[in-house]
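Trainee: Could you take me through one part of this model slowly? I'd like a close look at a single helix and how it fits with what surrounds it.

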Amino acid sequence: MRIERDSGSAFRTLLVLVGLGVSVLLAAIFLSLLLFSRPALLKNGLRFITGTEWNPVTGNFQALAFVAGTLLTSFIALAIATALSLALAILLGHYFRTGALAAVMKTAVELLAGIPSVVYGFIGLFFLVPAVRALQLALGAPPYGVGILTASVLLAFMILPYSASIGREMISLVPADLKEAALSLGATPSEVVRKVSLPYARSGILGGVLLSLGRALGETMAVTMVVGNAHNLTLNLLSPGNTMASLIANEFSEATGEVYLASLIEIALLLFLVSTAINIVGKLIIKRTSAAVHP
Amino acid sequence: MREASLGSRLRGDKAFKAGMLALSLVATLPLAFILGFIMVRGASSINWRFLTALPAPVGEAGGGIANALVGTVLLILIGSLISIPLGVIAGIFLAERGRTRLGSVTRLAVETLMGIPSIVLGIVAYIWVVRPLKGFSAFSGGIALAMIMLPVITLTTEETLLLIPVSLREAALALGVSYPRTILRVVLPAGLSGILTGVLLAVARGVGESAPLLFTAFGNPFLSVSILKPVASLPLTIFNYATSPYPEWHALAWGASFVLLVFVLALNLVTKLVSSKWKVQF
C-alpha cells in the first residue's frame with residue numbers, strides 16, 4: 001500500500017513539475033532575449049525604433065525601416081486575407097455547411113495552412129515576382145519584381161487559413177432561431193448574413209483576424225525570398241523593403257560584434273513581445289465569444 | 001431613406017452569394033495550382049539517385065538530397081524525443097489540474113509558446129545551445145524544433161483527455177487501481193488516437209520549419225548523423241537551391257519541394273483519418 005501511495009505522490013509531483021517547467025521555459029525565453037539584447041538596449045535606447053540607419057560598418061543599429069516593413073506587409077496581407085477569409089467563412093459557415101463543395105474547400109484551407117513557408121517562397125519567387133515585375137513595367141516603375149507588395153500578397157495566402165477556419169466556426173455558431181426570425185420577417189439570405197450573422201459573430205471573427213496577424217508578423221522564409229531585403233525606409237509598395245523577421249534570417253549567422261548580434265536579438269525580443277500580445281488578445285476574444293455562445 | 005425594391009434586393013442577394021463564391025475560389029485555387037505545379041515539376045526530378053546521392057558541385061549534372069533527408073529525420077527525431085514526453089505530460093497536467101492557478105498559468109504559457117514566431121525560437125536555441133557548445137549542431141536545431149512542437153502536442157493531449165468520461169477513471173479508482181496507473185493505463189490509452197493526432201500534427205509542423213534552423217542546424221553538404229555537428233535539412237536545402245541563380249539547382253529545389261510537400265500533406269491526411277476513424281468518443 002505504501003509503495004502505491006508514494007508512486008502516486010511522485011506522479012503528481014512530476015505533473016506539477018512539468019506544468020511549472022513550461023511556464024519557466026517561457027520566462028527563460030523572455031529573459032534570455034532580454035539579457036542578450038542588453039548591449040543593444042543600452043547603446044541604442046529609444047532611437048532603436050525611431051531611427052532608420054542600419055549600418056554594421058558605423059555600428060549604428062536602428063530598426064524603424066524593418067518595423068515599418070513588418071507592419072506594412074502584415075497589414076496589407078491582413079486586409080487581403082480578411083476579405084478572402086470572410087468570404088470563405090460565410091460560404092462554408094452559412095451557405096454550404098455540408099456537401100461536397102464544403103468538404104473540398106475545408107480540406108483545401110487546411111492544406112493551405114500545412115504548406116511549408118519555404119515552398120510558398122519558392123512559388124512566389126517563380127510566379128508572383130514575374131507578375132509584379134510585369135505590373136511595374138506597365139506602370140513605369142523600376143521592375144524589381146520583389147518588394148513590399150509581392151511579400152504582402154504571398155503573406156495573405158499564407159495567413160488566410162487561420163482567420164478562415166475560425167471565422168467559419170464563429171458564423172456556424174450563430175443560433176438558427178435568430179436567422180430564422182430574420183428570414184420570417186422577409187430578409188433575404190444575404191441580408192441575414194450581413195445584418196444578423198456577421199454582427200453576431202463579429203468579435204469571434206476579429207479574434208481569428210488577430211491570430212492571422214500574429215502569424216504574419218513572424219513569418220520569415222517566404223517573406224525573405226520575395227521582399228527584396230533593402231535596408232532603407234520605404235512606404236512605396238512597389239519598392240523592395242525588409243521585415244524584422246527577414247532581417248534576422250539574413251544577417252544573424254553573419255553578425256560580427258557584440259552590438260550587431262545584440263541588436264538582432266533586440267529585434268527578436270520586439271517580435272516576441274508584439275506577437276505574444278496580439279496572440280493573447282486574439283485568444284481571449286475567441287474564448288469570450290465561444291463562451292457566450294456555449295455557456 | 002428610400003426602401004429598395006424587392007427586385008433589387010433579390011438581385012443583390014444573388015450577387016452577394018456569387019461574390020462570396022468567387023472570392024472563396026480566389027482563396028483556394030492557388031492551392032490547386034501550387035500542388036499541381038509542384039507535382040509536375042517535382043516529380044520529373046525524382047529518381048533513385050536524387051534520393052540517395054549527395055549534392056553535386058555547381059555545373060555538374062546530378063546530385064541529390066540524401067544529406068537533407070537524413071538531416072531532417074535526425075532533427076525531427078531529436079525534436080520528438082524531447083517534445084513528445086514533455087508535451088504529453090504537460091497535457092496530462094492541464095487536463096488534470098487545468099482549473100488550478102498553476103494550471104491556467106501553464107495553459108497561457110503553452111498558448112503563448114504556440115504564437116512565438118519560429119525564428120525567435122531559433123535565436124533562443126542559438127543562445128542556449130549553439131553559444132555554449134561553440135558551434136552549430138543538429139542538437140540545437142532539435143531543441144528549436146522541440147519548442148515549436150511542444151505546444152501542439154500539449155494542447156491536443158489536453159483537449160483529448162478532457163473528452164474521456166470521469167466514470168472511466170472512477171471505475172478504475174474504485175477497483176483499487178492507483179492514481180498513476182489509472183492515468184497511464186486507463187485514461188491515456190483511451191485517448192491514444194487523439195494524442196497520436198497531436199504528435200503527427202507537431203511533426204508536420206516541425207518538418208517544414210526552416211527559419212529556426214538557419215543558425216542552429218545550419219546545413220551541411222555532407223551526410224552527417226552526429227548530433228553535435230551541423231546537419232542539412234529539406235527546407236533549408238530548398239531555400240538555398242531556390243534562391244540560387246542556377247536552373248539545375250532550381251530543378252533540385254522543385255524535387256525537394258515535392259518530397260517535402262508529399263510528406264507534409266500525407267501527414268495531414270493521415271491525421272484527418274486517425275481523428276475521424278478512431279475518434280475519441282464515449
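Mentor: Sure, and let's settle one term before we count anything: helices (at least four residues) and strands (at least two) are DSSP runs, numbered from the N terminus. Keep in mind as we go that this is a predicted model.

With that in hand, chain A comes to 11 helices and two strands. Reading from the N terminus, its elements go α-α-β-β-α-α-α-α-α-α-α-α-α. The C-alpha atoms of chain A fill a box of roughly 80 × 70 × 30 Å along the principal axes. Of the 295 residues in chain A, 50% are buried. Take the contacts in chain A with a separation of 6 or more: 74% of them join residues 24 or more positions apart.

Now for your close look, over in chain B. Helix α3 of chain B covers residues 66–97, which is 32 residues. From its first C-alpha to its last it reaches 45 Å, close to the 46 Å expected at 1.5 Å a residue. Still, α3(B) has a bend of about 30° at B:Ser80. It's also mostly covered, with 23 of the 32 residues of α3(B) buried.

What about the surroundings? The largest nonpolar core has 176 residues, and those with the most contacts inside it are A:Ile248, A:Ala268 and B:Ile238. Helix α3 of chain A (residues 64–95) gives this core its largest share, 16 residues. Have a look at A:Ala268 too: leaving out residues up to four places away in sequence, A:Ala268 touches A:Leu33 and A:Ile248, plus B:Val120 and B:Ile123 from chain B.

That brings us to where the two chains meet. The contact takes 66 residues from chain A and 62 residues from chain B. On the chain A side, helix α1 (residues 2–36) brings the largest share, 17 residues. Sort the residues on that side of chain A and you get 45 nonpolar, 18 polar and three charged.

Finally, here's a residue to set against the covered helix. B:Tyr246 sits in the loop between α10 (234–242) and α11 (247–277) of chain B. B:Tyr246 counts as exposed because it has 12 C-beta neighbours inside 10 Å, and the cut-off for exposed is 12 or fewer. Along the chain, B:Tyr246 and B:Thr106 are 140 residues apart, and their C-alpha atoms are separated by 48 Å.

Methods: Residues numbered from 1 in each chain as written. Chains lettered and ligands numbered in written order. Predicted model: local features only at pLDDT ≥ 70, side-chain atom pairs only at ≥ 80, totals over all residues. Contact = placed C-beta atoms within 7 Å. Nonpolar A, V, L, I, M, F, W, Y, C, P; charged D, E, K, R; others polar. Buried ≥ 20, exposed ≤ 12 C-beta atoms within 10 Å, placed from the backbone. Core = buried A, V, L, I, M, F, W, Y, C linked by C-beta atoms within 7 Å. Expected span 1.5 Å × (residues − 1). Bend = angle between axes of the 7 residues up to and from the residue.
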